Amino acid sequence: MGPPDLCGHHWAAILLSASLLTVWSLPAAAQFTPDANLLNAAQKLLAKPTISVSQGTAMEHSGTVTFRCNTWDTDVTIYWVAGNRPLVFHERMQLSPDRKELTILTVQREDAGSYQCEAWGVGELQSSDPVTLVVNYGPDPFEIKLEAGVPSGEEVGVIEGSDVTFSVEIQSRPLPDYSWLLPNDSISSLTMRTFTIHAVSRKHEGVYRCLVSNRATHLSRLAALKVRVLERLTKPHIVTPNLNLVENTSSVALTCQTTPKEAQVWWFLSGQPLLPSEHLVLSPDNRTLVIQNLWRNDTGPYECEAWILGSRARSDPLGLTISYGPDRVDITSGSESGVVSTVEAELDSSLTLQCQAESQPGAEYRWTLEPSSSVSVGEKLVIGALTWEHQGTYDCSALNPLTRQARSASVLVRVIGPQSSLSAGSIAGIAIGILAAIALSGGLGYFLYIRYARRSSREIAEDPIHEVTPASEEEHSAQPSSGHHVIIGKPCSLRASGSPSGK
């Protein structure tokens, strides 16, 4: 079988197409014609709305503005836009029933800006071009400001020699005109909202006025400022009226002196800002610091710092001298550590005692050996070579010459050594004691002898047996001694005492 006849098939297809066209072709009158209304509706688009405004420029608080959205479309809804955002309605706005008119009653400055209306159809919207509402206002009340100035009541102070700039901040639409009136009511050519005076001096003191005028609203405002030129800031110094300060018995007032008086003052204690308390009291202007019931640690140092218009100056530090004490008295020994109440030391050794007491100013020390008088003055008591006489209780008294307060402490000193080792003084004492005993014994013996002699004389005078002649005395002398020789010897006593005899 051979290849198919492609050329025959091609022509067959062409003939078939032609026959179909002939069969389906209808008369012109019988062909489909679209509805004209449907065609117009399909071709119609929303028209771009426009805005008309009763007045494009209004004066605040004295006018009413009406916006109207103009559009030929009927089946649309109107929306309003302010500042590219959906309009937020308030009580001063009114909207017509068809929403095409927007009325703003009693126009205010916040109503100024751009307005648009939007027409919304089925699935389509059109926005108008923006229309701007201008609201003129002001000038509002204002104040004159002074850079580098110190408010002080109704006036402002400036430091002599400084540069001073006057300025005003105005709320106004359109921008106002400025006129400055200088002290002594002189009119200047200054027409700006700011101006500067260089190296201000006393001649610049006075009242400065600024007149601000709005040509659109035909309103004007006037402000005034009184200026006073202050002395330059001086280095402060602290003054105290009382320098004899005693702990717990006095208070002290420290005053920071500086100029000008408008300068603000801060206090510092030991380099740190001082914190007021019941103990540290500041005056309302901070210029006086009162220290109540002084303590010994209130010595400081104290400083005050003055500040004005960015300038600062600090005083020299002041330290207070506060008298106190003496506190507890302690006695120490060079041979022992710590406080001692009893000290034992070898005979002939050296001994150092030291008396200490916390006191301002330093205490005056006095040593005494009870119960004798003072033995030393000073903080230290030094004994070169101990003897038995150095043994005893030593009392140290400390006296503060300013507070007139005194305290004391005592220590017992014991000397250790052999008892036979006597000093020269001891030997002399013993010798004197022996001589006194000998003298006493001699005197007692003499007294007894005289008494015995007188008694014997009385006995002889009363007994006649003892009366003898000279002859008998010789006989007796020739005889041997016997036990009665004491009695014999008594006449001699009598003669010695002056009694009667045979002569």
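A salt bridge is a side-chain nitrogen of Lys or Arg within 4 Å of a carboxyl oxygen of Asp or Glu. The exercises below apply this and related criteria to a predicted model.

**Exercise 1. Determine which arginines pair with glutamate 305, and classify each partner as buried, partly exposed or exposed.**

Solution.
- Step 1. Arginine 314 and glutamate 305 have their closest N and O atoms 3.1 Å apart. The pair is therefore a salt bridge, as this distance lies within 4 Å.
- Step 2. Glutamate 305 also meets the side chain of arginine 312 in a salt bridge, at 3.2 Å from N to O.
- Step 3. The relative accessible area of glutamate 305 is 11%. Buried means under 20%, so glutamate 305 is buried.
- Step 4. Arginine 312 has a value of 54% and is exposed, because the limit for that class is over 50%. Arginine 314, at 31%, is partly exposed.
- Step 5. Elsewhere, salt bridges with shared partners connect Glu155, Lys226, Arg228 and Glu262 in one network.

As background, side chains of opposite charge can pair when their charged atoms come close.

**Exercise 2. State how many salt bridges the whole structure contains, and locate the two partners of the one between glutamate 169 and arginine 193.**

Solution.
- Step 1. The search of the whole structure yields 20 salt bridges.
- Step 2. In the bridge between glutamate 169 and arginine 193, the closest N and O atoms are 3.2 Å apart.
- Step 3. This pair links distant parts of the chain, with the two positions 24 residues apart: glutamate 169 sits in the loop between β14 (164-168) and β15 (177-182), and arginine 193 in the loop between β16 (186-187) and β17 (194-197).
- Step 4. Arginine 193 has 34% relative accessibility and therefore counts as partly exposed.

**Exercise 3. Describe the surroundings of aspartate 330.**

Solution.
- Step 1. Aspartate 330 belongs to strand β30, which spans residues 329-333.
- Step 2. Its relative accessibility is 17%, so aspartate 330 counts as buried.
- Step 3. The side chains of aspartate 330 and arginine 328 are joined by a polar contact of 3.1 Å.
- Step 4. Leaving aside residues up to four places away in sequence, aspartate 330 touches Val339, Gln354, Cys355 and Gln356.

**Exercise 4. Identify the strands that build the largest nonpolar core, and the strand that gives the most.**

Solution.
- Step 1. The largest nonpolar core has 22 residues; Ile331, Leu351, Leu353, Tyr365, Trp367, Tyr394 and Val411 touch the most other members.
- Step 2. At least two residues of this core come from each of β30, β31 (342-346), β32 (351-357), β33 (364-369), β35 (380-383), β36 (392-399) and β37 (406-416).
- Step 3. The greatest contribution is that of β32, with 4 residues.
- Step 4. Beyond residues up to four places away in sequence, the contacts of leucine 351 include Ser333, Val343, Leu381 and Val413.
- Step 5. Another core, of 21 residues, lies apart from the largest one; among its members are Ile144, Val200, Tyr208 and Val227.

**Exercise 5. Name the residues that form a nonpolar patch on the surface, and classify tyrosine 79.**

Solution.
- Step 1. The patch consists of Tyr79, Trp120 and Leu125, which together have about 280 Å² of accessible area.
- Step 2. Tyrosine 79 is located in strand β4 (residues 77-82).
- Step 3. With a relative accessible area of 38%, tyrosine 79 is partly exposed, because this value falls between 20% and 50%.

Key:
Residues numbered from 1 in each chain as written. Predicted model: local features only at pLDDT ≥ 70, side-chain atom pairs only at ≥ 80, totals over all residues. Heavy atoms only, no water. Buried < 20%, exposed > 50% of the residue type's maximum accessible area, 1.4 Å probe, protein only. Polar contact = N/O pair within 3.5 Å; in protein donor to acceptor, adjacent residues only side chain to side chain. Contact = heavy atoms within 4.5 Å. Patch = residues over 30% accessible without salt bridge, like charges linked within 9 Å, V, L, I, M, F, W, Y side chains within 5 Å. Areas by Shrake-Rupley, 256 points an atom, 1.4 Å probe, with all protein chains shown as cover. Core = buried A, V, L, I, M, F, W, Y, C linked by side-chain atoms within 4.5 Å.
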